[in-house]
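Here is a short report on helices, backbone outliers and cysteines. Look at the model first, then read on.

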Amino acid sequence: MDLFDYMRENNMEKEAPLAARLRPTTLDEVVGQQHIIGKDKLLYRAIQADKISSIIFYGPPGTGKTTLAKVIANTTSAEFTQINATVSGKKDMEEVVAKAKNTQGMYGKKTILFIDEIHRFNKGQQDYLLPFVEDGTIVLIGATTENPYFEVNGALISRSIIFELKPLSREDVKELIRRAVYDEQKGMGAYNAVIEEDAMDFLADLAGGDARHALNAVELGIMTTPRGEDGKIHITLDVAGECIQKRVVKYDKTGDNHYDTISAFIKSMRGSDPDAAVYYLAKMLYAGESVTFIARRIMICASEDVGNADPQALQVAVTASLAVERVGMPEAQIILANAVTYVACAPKSNSSVCAIDEAMRCVQETGNLPIPSHLQDAHYKGAAKLGHGLDYKYAHNYPNNYVRQQYLPYELSGREFYRPSGNGYEVKIREHMKRIRQEAAGQEEEKDNGNDVPKRG
């Protein structure tokens, strides 16, 4: 490295974005991801012991994939080389491999190759690495935001350990914001700035687990906000909203406003007002509410408030829940809007809710009533001798696939729990049940008069 290279690297380090300057250099400085770097976890032990094998970090942006690679670079005795798959090609890998062979031959040292965005390499480029990973010439560390089982060569996957990184928690992001504002070594503590608690909460919520997103806003706020009369830079809620270019919405995920909003959201769907429901959906999404939380509430409403009046509503809600997990924002808002407006416009019935509530109370009050013997299982050893299953009438042998017999315990004979409403599909359910029961009663009357009732099959 000549003088000019040294000066350039020095200047780049000083002028790098806050998120890069704040990047940890040791495991103890890493925030979050305790499920893989906790002190009793495999990755923590491997890094501490300098016994890293080929690994792939998989997770959303801003969760620490490059950070962990840098920590390994700072703790390992191996040679560490980094390339980015978006701008590198086979020639760059050939140079790395050639240098790794020389390093191994001359000094007996391993080479760790960190490839950021490894999914950007095509199959041929990934295949090139295989023999050198196999013979230990290089130890591969790959980082990807895409599912490696789909985007990374299966042979590389089989030679690597996959570690999935999760979005940082709200508290994790807040801890990084504090470091950014007050740390004088790596952060911006020298600027004499302070951040208000509600501004920190707002940025942490809006970050959605992406630390880089929050830190960029903090840096912009400190660099562009004039000092107050006390000589300090104050990062208020309004400043935070301006820096992240998003209007501050009064919505605290742990406070009253959170519960008021979700309550209004559900009641609007229940009340068949799609306009209000989609408004509250937008308010929650704008404030950074979890799409999975919203999807769960839609599923509950579809089963609790729509029920069998439109059985398709629950299918729409469940499908939406699965889809938003796979798609993510911003497209997930369209999927949620489809589900919300469908559920809001669907005919409503809580007959199933009433049925299970009444049945639960009945079970609590009556205890363990005996099951009618003809409904009991006749297949296990000795059951038939005890009369289990005897005289059971197979419904499919009768007209309309229905036959009257005692299904409830005898002590509850005639008890009704499910009473279909007069809305939507439950009208058909009610009519169908009434018709087949009347026909069955008529057939029994004919049988009592000596006429045979035809059976199916």
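A residue counts as buried when its relative accessible area is under 20%. The model discussed here is predicted.

**Backbone outliers**

Start with Q33. Its phi is positive, about 60 degrees, although Q33 is not a glycine. The residue sits in the loop that runs between α2 (18-21) and α3 (34-37). Is Q33 buried or exposed? Its relative accessible area is 7%. The cut-off for buried is under 20%, so Q33 is buried.

N401 also departs from the usual sign for a residue that is not a glycine: its phi is positive, about 55 degrees. N401 belongs to the loop between α19 (351-366) and α20 (425-448). Its relative accessibility is 34%. Partly exposed covers the range between under 20% and over 50%, so N401 counts as partly exposed.

One peptide bond needs a separate note. M329 and P330 are joined by a cis peptide bond, with omega at about 5 degrees. P330 lies in the loop between α17 (312-327) and α18.

**Helix α18**

Helix α18 takes in residues 332-345, 14 residues in total. At 1.5 Å a residue it should span 20 Å. Its end C-alpha atoms are 20 Å apart, so the expected and modelled spans agree.

Which residues of α18 are buried? They are A332, L336, A339, V340, V343 and A344. Viewed down the axis of α18, these buried residues fall within an arc of 125 degrees, so they line one face of the helix. An α-helix has 3.6 residues a turn, so residues three or four places apart point the same way. On the other side of α18, I334 and C345 are exposed.

**Helix α10**

Helix α10 has 13 residues. From first C-alpha to last it reaches 18 Å, close to the 18 Å expected at 1.5 Å a residue. Its buried residues include V173, K174, L176, I177, A180 and V181. They cover an arc of only 160 degrees around the axis, which puts them on the same side of α10.

**Helix packing**

Three helix pairs are set out below. Each row gives the axis separation and the crossing angle.

| Helix pair | Axis separation | Crossing angle |
|---|---|---|
| α10 (residues 170-182) and α11 (residues 197-207) | within 9 Å | roughly 125 degrees |
| α15 (residues 274-286) and α18 | within 9 Å | roughly 150 degrees |
| α10 and α12 (residues 211-224) | 10 Å | about 30 degrees |

Take α10 and α11, whose axes cross at roughly 125 degrees. That angle makes α10 oblique to α11. The crossing of this pair, α10 and α11, is right-handed.

For α15 and α18, the axes cross at roughly 150 degrees. Angles over 145 count as roughly antiparallel, so α15 and α18 are roughly antiparallel to each other. Their crossing is right-handed.

How is α10 oriented relative to α12? The two pack at an angle of about 30 degrees. That makes α10 roughly parallel to α12. The crossing of α10 and α12 is right-handed.

**Two C-alpha pairs**

Q125 is part of helix α7 (residues 123-134). Its relative accessibility is 16%, so Q125 counts as buried. Q125 and N153 are 28 residues apart along the chain, and their C-alpha atoms are separated by 9.7 Å.

Q34 is located in helix α3. With a relative accessible area of 46%, Q34 is partly exposed. How far apart in space are Q34 and Y44, C-alpha to C-alpha? The distance is 9.4 Å, while the two residues are 10 residues apart in sequence.

**Cysteines**

How many disulfides does the model contain? A disulfide is a covalent bond between the sulfur atoms of two cysteines. The criterion here is a pair of cysteine sulfur atoms within 2.5 Å. By this rule the count is zero.

The cysteines can be placed by accessibility. C301 has a relative accessibility of 1%, so it counts as buried. C354 is at 37%, so it counts as partly exposed. C345, in α18, is exposed.

Methods
Residues are numbered from 1 along each chain as its sequence is written. This is a predicted model: local features need pLDDT of at least 70, side-chain atom pairs count only at pLDDT 80 or more; totals for chains, interfaces and linings use all residues. Side-chain values use heavy atoms; hydrogens and water are left out. Helices (H or I, at least four residues) and strands (E, at least two) are DSSP runs, numbered from the N terminus. The expected span of a helix is 1.5 Å times one less than its number of residues. Buried means under 20% relative accessible area, exposed over 50%, partly exposed in between (1.4 Å probe, protein chains only). The arc is that of the directions from the helix axis to the C-beta atoms. Axes are lines fitted to C-alpha atoms, for helices over the stretch in contact, and angles run from 0 to 180 degrees between N-to-C directions. Angles under 35 degrees count as roughly parallel, over 145 as roughly antiparallel, 65 to 115 as roughly perpendicular and the rest as oblique. A crossing is left-handed if the near helix is turned anticlockwise from the far one by less than a right angle, and right-handed if clockwise.
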